[in-house]
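Please open the structure in a viewer and keep a selection tool at hand. The tour below proceeds stop by stop, naming what to select and what is found there.

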Amino acid sequence: MNRSNTPKKIKRSFQVLGPLALLCAGTAAQAQDASFSLSDLPRLKTYSAHRASSNNRYIDSNDDSKRIMPGETLVLADLRGPGVVSHLWITVADNEYAWPRLVRLRVYYDGKKTPSVDVPLGDFFGVGHGYERDLESLPVRNSSFGRARNSYWPMPFRQSCKITATDEGNRPVTAFYFHVDWQKHASLPADVAYFHGYYRQERPAVAGKNYEFVSIKGTGHYVGTVLNVLQAGVGWFGEGDDLFYVDGAKHPQLYGTGTEDYFNEAWGLRTSYSPWYGTPVAEGERVGARLTGYRWHVPDPVPFTKSLWAGIEHTGWTYNADGSLRSGSEERPDYFSSAAFWYQQGVNEDLAEPPYGEARLPLGNALQIAVEDSLADVTTEKGKASVQREVDWGKDLLFFDGEGAGARINVPVDVPEEGRYEIVARVAQAPDYGDYYALMDGKPTNLDNRQAETSEIPQTGPEVFHNYLPEIYIAVDRPLGWLKLEKGRHMLSFVCVGRDARSSGYNLGINDVVLERIEEVAPAAAAQPANAARAAGYVFRGLPLSVHARQLKSESASDRASAARAIGAFGPYGAPAVTDLAKALADPDARVRQAAAWAFSQMVDAGAAAVPALAKSLTDADPHVRSMSAVALRSIGPKASDAVPALIQAVNDTDAFVRAPAADALGRIGPAAKSAVQTLQDRLLASLEQVYVLRSVAAALGDIGPVAASALPALEKALKMNRVTSSAREAIMKIKKESVPAWF
């Protein structure tokens, strides 16, 4: 970059994108002048302001969220430029362990099939490990205990911008609220670059190599890092120096002095926030402790004209088995993950596909145990156990009404096979909750056996969890350590040690207990796309459709699933692979079958030739395959009418996240789904049905239209159902051919 030209470029970016864009390119002094500048506000704007949101178009409805079935992709916005996305706001109700790591946020520019932003939702908003935490910075701010997520990164685009969220977990996202605020411009200057984000992980960090945030080719500037560490050993992990190699240099152009120094802290890391750096997660130095730090290079971006390698060493203090210090600076096998952010000319096609779904969890797997279902086997001392249903947006609790210090609840946990596990208790917080520590089979958890050193002071005794909060929040993940457990039943106990002075009780609420099997997984050697393999036209990760389609025949199920998802990334342009993709719906591996169904959901009606295969998949042994097949048929729409008989059966599936998209698909098919009306109205009146299923059923009857008139009595009854009323009212108006008041 010609540094003498920088001031001119800064001025132009400021005019188009506003103060934050100036911060992305400017010096520290200029940043200070612009970060909270109100002086520009009176100047007339040359753009128009717009918003895409989860708002229900039916004016009388308060159901302003979207639902995402397991494996499904929701399109938040599909915008036409030139423009700039100036703000994202997202809040979610989900009850799956570490769901912010399982929901995947992607941003596509100018019709490209490769996303420029590909980051788990939680990490995109600065918090890793699937946690929800508050964070206060200028580009990103989270509040409401981490549930209200806001991003102010400017995302310019010239032709188009599509933003999606995919639920790559095993449970549905039952409420997904969002705002996408953006500006429509007449044009963008040539020197305005595209915002990128990329997630990667190493579990554990590879021995003998520095951990890599990102390795990119092109021209741009680096603007931010979110680093997550899961400790595999006790002690301070953070002696590693940050390193930035610019434009192929043999030596780092930026070379740090320690991990906490990179995050602009000193003498360790503790929970903190600031405009440009902070640590929203800092759980100490025990085995299994989590840390997340963010460092926004907004006042000090790192420019590159050809390439950039950014990363950090993974060294720290290490200890012998007896707790004595072995080294004050030695490579450690901690688990690292990260999100890197930068601006770049054009769209980057050179990065490997990030891990999918469960592979991104802290330990790559999770068994989520609903402990409230074991109430009959729970024992207590100085208190009484019960079950509280539908607390805080549909979450259930094993509730303990403790009488005071010394109160104890013993919860059975069944371990499926012998091994080493991390145990995580998902514990609620409330105004009448007490302080507790945990025992496993009578032994304290989260012990620190280190011998005290100069700056390393181990915490004695088990960790105490302080559960008071002025309002109910479900739930905080409480890691309890890495333990070797035999197959069979174990007893997890929680013992009260007191309460916060503000608390009105000594109670405890447990949402779930999670078992994560500890298995060291070497990072896959993901091949980078080769320039020679590129072709004119659409590509995904630098490769044309034909290359990905050939991978459907791989001996590796993981590779076949990745190939199916890659074909889906081409959307309707993946149609030439429909025949081979339909065969993948019969693959022996459920992951491949689900990936194939997802791919058809992205093709819209270009995948209509696969309707018979998708209809057959509605009876698949795996509920996630059935669910995604219903989603795919919904996407195909009226051309999926031959699947109506199979969809009728699916409306009565044993799993709610299959019933809902099956009803949605029947609604999309429209009047041709008339034969489903009786089944739908029966489902609408079924007892104990999930609210999101009832809403889908009511909406389907309305979309089928006047031929569903026989369902009007059932819909009239649904008007009295809490949280279903507006869906039923809209359906009635559609069936009666009345005008539906709508926002657009």
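## First stop: two positive phi angles

Select A98, which is buried, with a relative accessible area of 2% (buried means under 20% relative accessible area, exposed over 50% and partly exposed in between, for a 1.4 Å probe and protein chains only). The model is a predicted one, in which local features need pLDDT of at least 70 and side-chain atom pairs count only at pLDDT 80 or more, while totals for chains, interfaces and linings use all residues. Residues are numbered from 1 along each chain as its sequence is written, and side-chain values use heavy atoms, with hydrogens and water left out.

A98 is not a glycine, yet its phi is positive, at about 60°. Its place is the loop between β4 and α4 (99-102); helices (H or I, at least four residues) and strands (E, at least two) are DSSP runs, numbered from the N terminus.

Next, select R541, another residue other than glycine with a positive phi, near 55°. R541 lies in the loop between β36 (508-517) and α7 (545-550), and is buried, with a relative accessible area of 6%. Most residues other than glycine have a negative phi, and most peptide bonds are trans.

## Second stop: cis peptide bonds

Select G81 and P82: the peptide bond from G81 to P82 is cis, with omega near 5°. P82 belongs to the loop between β3 (73-80) and β4 (83-93). Then move to I474 and A475, whose joining peptide bond is also cis, with omega near 0°. A475 is located in strand β34 (residues 473-485).

## Third stop: two strand residues

Select S307 in strand β21 (residues 307-312). S307 is buried, its relative accessible area being 18%. A polar atom of its side chain lies 3.1 Å from the backbone nitrogen of G248. Contacts of S307, not counting residues up to four places away in sequence, include Y245, V246, D247 and G248; contact means heavy atoms within 4.5 Å.

Continue to E330 in strand β23 (residues 325-331). Is E330 buried or partly exposed? E330 is partly exposed, with a relative accessible area of 28%. Its side chain is joined to that of R326 by a polar contact of 3.1 Å (a pair of N or O atoms within 3.5 Å; within protein, one must be able to donate a hydrogen and the other to accept it, and residues adjacent in sequence count only if both atoms are side-chain atoms). Leaving aside neighbours within four places in sequence, E330 is in contact with H314, T315, G316 and T318. Show E239 as well: E330 and E239 are 91 residues apart in sequence and 8.4 Å apart in space, C-alpha to C-alpha.

## Last stop: a helix pair

Select helix α16 (residues 691-704) and helix α18 (residues 725-735), whose axes come within 7 Å and cross at roughly 10°. Axes are lines fitted to C-alpha atoms, for helices over the stretch in contact, and angles run from 0 to 180 degrees between N-to-C directions. The crossing makes α16 roughly parallel to α18 (angles under 35 degrees count as roughly parallel, over 145 as roughly antiparallel, 65 to 115 as roughly perpendicular and the rest as oblique). R695, A698, L701, G702 and D703 of α16 make the contact with S727, A728, A731, K734 and I735 of α18.

Finally, select L715, which touches L684, A698, L701, A728, A731, I732 and I735, not counting residues up to four places away in sequence.
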